[in-house]
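Please open the model in your viewer and keep the sequence beside it. The stops below suggest what to select next and say what is there.

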Amino acid sequence: MRLIPIVMLSALAFAAEAAQFQVEVEVPRLRVAEYHAPYVAFWIETPENTVAAPLGLWYDDQEKWLKDLRQWWRRTGRSQSAPYDGLTGATRSPGKHSVDFSELPAMAELPAGDYQLVVEAAREVGGREVVRIPFQWPPASAQQLRAEGTEELHDVTLTLTP
Amino acid sequence: MKPVSLAAAAVSALLLLSPAAQAHKRWLLPTHTVVSEAQWISVDASVSNDIFYPDRAYSLERLQVTGPDGKAAETDHLLEMHRRSVFDVNLAATGSYRIALPGHFFLAFFEQDGERKRLFGEDAEALLKKVPKGADKVRLLESVSRIETFASVGAPDTAALKPTGKGLELVPVTHPNDLYSGETARFRFVVDGKPAAGLEVHLLPAGTRYRDAQQDWTVTSDDNGEVAIEWPHAGRFFLEAEASDQNVSHKQAERRRLEYLGTFEVLPL
């Protein structure tokens, strides 16, 4: 317990330089009869599955399909309306896409603790998949954390920099 | 919102050029397909991604129900609701009924003042007259489709299932009311009555709303237009097949898109 004041001091010392939180997602290329780019939602959840910070949403301005991001919808989406929390943008084509969430006010306000990054993808007339990456905040060291989806998401990489 | 509508127009244009893609699944869903005495059944008709949960109604104007005697069967309560259309069919006699919605229309694509536009209608000449003067890149496409399902009283028969000889049609090898889980059914597909060889037929089990994957699969027809479909389990299945050819009925039409959409009920054995 005696260490705590020291930790707090160092946290204060680094407060001006915010930790970095970057996510890279690979949208898989699929050979299907009818392809629509997936809707993708990003958020941070606590070990109790409550939303600690909504991060972002890729969709094509059609609210009709937002409920198909079922977990995002239940945890946070259904109690919001456009503009949705975090960084929103258009759906992405197959390939790797990076998003830097570091500058979001929600990240600056995120209390220290154990969390999970959640990435959920849902594709019209396609499938749905959720990928989770556990992490500690703020990061003690620079690290790359990965998880792999099997259907609607491939590699998901979370890069943390203190 | 503008980029979205532009993209949608581009996708629709693409749809007519690429036979595989289909924007929305149109279907008929009968309350019963196999019954042991004469009775009325009800049928839902809707367009939806969630098979078979209704999303949008469509017109029943072209509904054709054929009875075991090959004649039009009695229908009742035709109604176009907000999310689905419904109607009743009187399965009055022993044998099989074909419940079908044939579609035949033309699409005109053109550019006016640099903006892409399209019109559709059943009469190609009337449609071309509606294209404004001065429009360029005018293209005419023909579309022939069938949405079908089947129901039988007693032993199934095939009088009602005779192909019309127009468009993409299903000819039973296995009767569509004789489908059981774990068995393999054979259907023959014909275009204007001739075998549709190399046709990709997509199958999708009901209940997509409650699962994460579509669980669809594709079979390809042989030289005789026949596909073998192994039913993985009992339930209702949506079938769709698309093709395109140059066999147009109006000289200005570039291509003809052919579409077959069917609902099949597989029973546990």
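The tour visits a sheet and then several salt bridges, and throughout it should be kept in mind that this is a predicted model.

**The sheet in chain B**

Begin by selecting the strands S1, S3, S6 and S5 of chain B, which in that order make up an open sheet of 4 strands with antiparallel pairing. At the edges you will find strand S1 (25-30) and strand S5 (75-80) of chain B, each with a single partner strand, so one side of each is left without a neighbour in the sheet. If you look along the sheet, neighbouring strands are turned by 15° against each other on average, with direction ignored.

Next, select residues 39-48 of chain B, which are strand S3, together with residues 85-91 of chain B, which are strand S6; the two pair in the antiparallel sense over 7 bridges. Which residue of S6(B) stands opposite Ala45(B)? Ser85(B) is the residue to pick there.

**Salt bridges**

Side chains of opposite charge can pair when their charged atoms come close. Over all chains, the count comes to 25 salt bridges, and the stops that follow show some of them.

Select Glu120(A) and Arg128(A), which form a salt bridge whose closest N and O atoms are 2.4 Å apart. Are these side chains buried or exposed? Glu120(A), at 0% relative accessibility, counts as buried, and Arg128(A), with a relative accessible area of 12%, is buried as well, because the cut-off for buried is under 20%. Now add Arg70(A) and Asp212(B) to the selection, and you have the residues that are linked with Glu120(A) and Arg128(A) in a network of salt bridges.

Move on to Asp155(A) and Arg146(A), where a salt bridge has its closest N and O atoms 3.3 Å apart. Here Asp155(A) is partly exposed, with a relative accessible area of 21%, whereas Arg146(A) is exposed, with a relative accessible area of 53%.

For the last stop, return to chain B and select Asp222(B) and Arg186(B), which form a salt bridge with the closest N and O atoms 3.6 Å apart. Asp222(B) lies in the loop between strand S14 (217-220) and strand S15 (226-230) of chain B, while Arg186(B) lies in strand S11 (residues 184-191) of chain B, so the pair ties together parts that are 36 residues apart in sequence. Asp222(B) counts as partly exposed at 32% relative accessibility, and Arg186(B) is partly exposed with a relative accessible area of 31%.

Methods. Residues are numbered from 1 along each chain as its sequence is written. Chains are lettered from A and ligands numbered from 1 in the order in which they are written. This is a predicted model: local features need pLDDT of at least 70, side-chain atom pairs count only at pLDDT 80 or more; totals for chains, interfaces and linings use all residues. Side-chain values use heavy atoms; hydrogens and water are left out. Two strands pair if DSSP finds at least two bridges between them. Axes are lines fitted to C-alpha atoms, for helices over the stretch in contact, and angles run from 0 to 180 degrees between N-to-C directions. A salt bridge is a side-chain nitrogen of Lys or Arg within 4 Å of a carboxyl oxygen of Asp or Glu. Buried means under 20% relative accessible area, exposed over 50%, partly exposed in between (1.4 Å probe, protein chains only).
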